[in-house]
Amino acid sequence: MTLLEQLKKITTIVEDTGDIDTIKNHKPQDATTNPSLLLQAAKLPQYKNLIDDALKTPKAGGDLLDNMRPILEKLAVNFAKEILAVIPGRCSVEVDPTFSFDAENTILCARRIISLFEKDKISRERVLIKIAATWEGIKAAQVLEKEDIRCNLTLLFSFAQAVACGEAKVKLISPFVGRILDWYKKNENPDGYPAEKDPGVLSVSKIYNYYKKFDVKTEIMGASFRNIGEIVELAGCDLLTIAPNFIEELSKTEGTLVQKLSAEKAKNMSIEKITLDEKSFRWLHNEDAMATEKLAEGIRKFTADLTTLAKFLSEN
């Protein structure tokens with residue numbers, strides 16, 4: 001059996017792309033999008049109809065992002081609807097990253113996105129609203145979850161973020177494995193790490209074991225991989241969102257896959273439970289230089305790509 005076939009037996013596979021044709025080919029359970037992926041997909045000619053439909057949405061006025069926001073939200077929903085038509089599970093749609101420190105507007109944005117799905121008779125159970133795992137984002141998600149709007153807290157790099165998300169009872173978190181590795185290679189070890197000592201792998205493993213030890217119901221979806229070794233080391237994680245090139249590689253690689261993560265093992269571990277308020281969250285997260293830098297960088301990158309997408313749409 002291939003590594004992909006074995007992995008699918010113990011972990012839910014999510015495809016990390018906005019390209020619907022690729023999703024049709026790989027047949028993942030779930031899929032996820034973000035401004036960067038939508039920007040790539042929007043430039044492909046086969047999706048012009050989705051852009052043309054979104055451009056029928058009235059603009060809102062104001063600066064570029066304010067003016068184009070209704071169109072951007074409609075385009076994200078259009079892509080997600082096409083994706084949901086070819087997968088059995090859920091699709092993640094990201095709120096405007098400029099709201100990353102604005103709980104109120106994050107909530108309003110999420111409600112607008114869900115209403116667009118529900119107008120087309122798509123259940124909110126099939127949609128995950130992606131929100132950056134800032135303190136404000138986590139608090140917004142806590143409100144949304146009580147409205148049965150399921151959330152995917154993204155750009156998650158620190159243990160503090162994971163603990164706070166679990167306490168807020170969010171549906172799912174996306175810890176970014178590869179971006180953690182990037183930081184450590186740049187700042188501590190340019191030669192890299194073997195997969196079992198990869199800092200991103202160790203981070204997700206720590207979160208997984210903590211959640212399972214204390215029966216935290218939040219799902220863990222490892223994301224942002226740099227090689228299949230990282231993926232293999234997280235076999236058994238609740239979900240893994242994998243780029244198309246790595247799905248292809250896993251589907252062509254034979255071998256025996258060992259389940260590295262299990263709730264049963266976690267239950268027997270000696271782990272201290274912690275509780276966070278806003279002050280302790282901010283302090284613990286701030287103590288992690290990698291996490292503070294990568295969270296800020298990720299928000300800037302998603303914002304830049306959303307702005308580029310807005311300019312692209314405004315010129316069509």
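A polar contact is a pair of N or O atoms within 3.5 Å; within protein, one must be able to donate a hydrogen and the other to accept it. The legends below use that term for a predicted model.

**Figure 1. Helix H15 and its start.** Helix H15 covers residues 289–314. It holds 26 residues. From its first C-alpha to its last it reaches 38 Å, close to the 38 Å expected at 1.5 Å a residue. At the start of H15, Asp288 makes a polar contact. A side-chain oxygen of Asp288 comes to within 3.2 Å of the backbone nitrogen of Met290. H15 returns in several later views: it helps to line the largest pocket, packs against buried residues of H8 and supplies part of the lining of the largest cavity.

**Figure 2. The largest pocket.** This pocket encloses about 420 Å³ of space. Its lining is made of 23 residues. Nearest the centre lie Asp16, Asn34, Phe176, Arg179 and Ser224. Helix H3 (35–42), strand S8 (239–242) and H15 are the elements that give two or more residues to this lining. H15 gives the most, with four residues. By class, the lining has nine nonpolar, eight polar and six charged residues.

**Figure 3. The second largest pocket.** Here the volume is about 270 Å³. The pocket is lined by 16 residues. Gly166, Lys169, Val216, Lys217 and Thr218 lie nearest its centre. Two or more lining residues come from each of helix H8 (159–167) and helix H10 (199–213). The largest share, three residues, is from H8. The lining divides into six nonpolar, two polar and eight charged residues.

**Figure 4. Helix H8 and its surroundings.** H8 is largely enclosed by the rest of the structure, because eight of its nine residues are buried. The buried residues are Phe159, Ala160, Gln161, Ala162, Val163, Ala164, Cys165 and Gly166. What do they pack against? Their partners are helix H7 (135–146), strand S5 (151–156), strand S6 (172–175), H10, helix H14 (278–286) and H15. Gly166 also appears among the residues nearest the centre of the second largest pocket. So does Lys169. Lys169 follows H8 and has a positive phi, near 60°.

**Figure 5. The largest cavity.** A search of the whole structure finds three cavities of 30 Å³ or more. The largest holds about 160 Å³ of space. It is lined by 16 residues, and Leu72, Ala76, Glu94, Asp96 and Leu306 are the closest to its centre. At least two lining residues are supplied by each of H3, helix H5 (64–84), strand S3 (91–94), helix H6 (103–119) and H15. H5 gives the most, with four residues. The lining has eleven nonpolar residues, one polar and four charged.

**Figure 6. The second largest cavity.** About 50 Å³ of space lies inside. The lining residues are Glu94, Val95, Asp96, Pro97, Phe99, Ser100, Ile131, Ala132, Leu155 and Phe302. Seven of them are nonpolar, one is polar and two are charged. Glu94 and Asp96 link this view to Figure 5: they line this cavity and are among the residues closest to the centre of the largest cavity.

**Figure 7. Asn78 in helix H5.** Asn78 is found in H5. Is Asn78 buried or exposed? Asn78 counts as buried because its relative accessibility is 4%, and the cut-off for buried is under 20%. Not counting residues up to four places away in sequence, Asn78 touches Leu50, Asp53 and Ala54. With Leu50 there is also a polar contact: a polar atom of the Asn78 side chain lies 3.1 Å from the backbone oxygen of Leu50. Ser115 is 37 residues from Asn78 along the chain, and their C-alpha atoms are separated by 13 Å.

**Figure 8. Thr22 in helix H2.** Thr22 sits in helix H2, which covers residues 20–26. Thr22 counts as buried because its relative accessibility is 18%. Leaving aside neighbours within four places in sequence, Thr22 is in contact with Glu15 and Pro244.

Terms used: Residues numbered from 1 in each chain as written. Predicted model: local features only at pLDDT ≥ 70, side-chain atom pairs only at ≥ 80, totals over all residues. Heavy atoms only, no water. Buried < 20%, exposed > 50% of the residue type's maximum accessible area, 1.4 Å probe, protein only. Contact = heavy atoms within 4.5 Å. Expected span 1.5 Å × (residues − 1). 1 Å grid on protein atoms, 1.4 Å probe; cavity = no way out; pocket = protein on both sides within 12 Å on 5 of 7 lines; lining within 4 Å. Points joined across faces, edges and corners; volume = space filled by probe spheres on them. Nonpolar A, V, L, I, M, F, W, Y, C, P; charged D, E, K, R; others polar.
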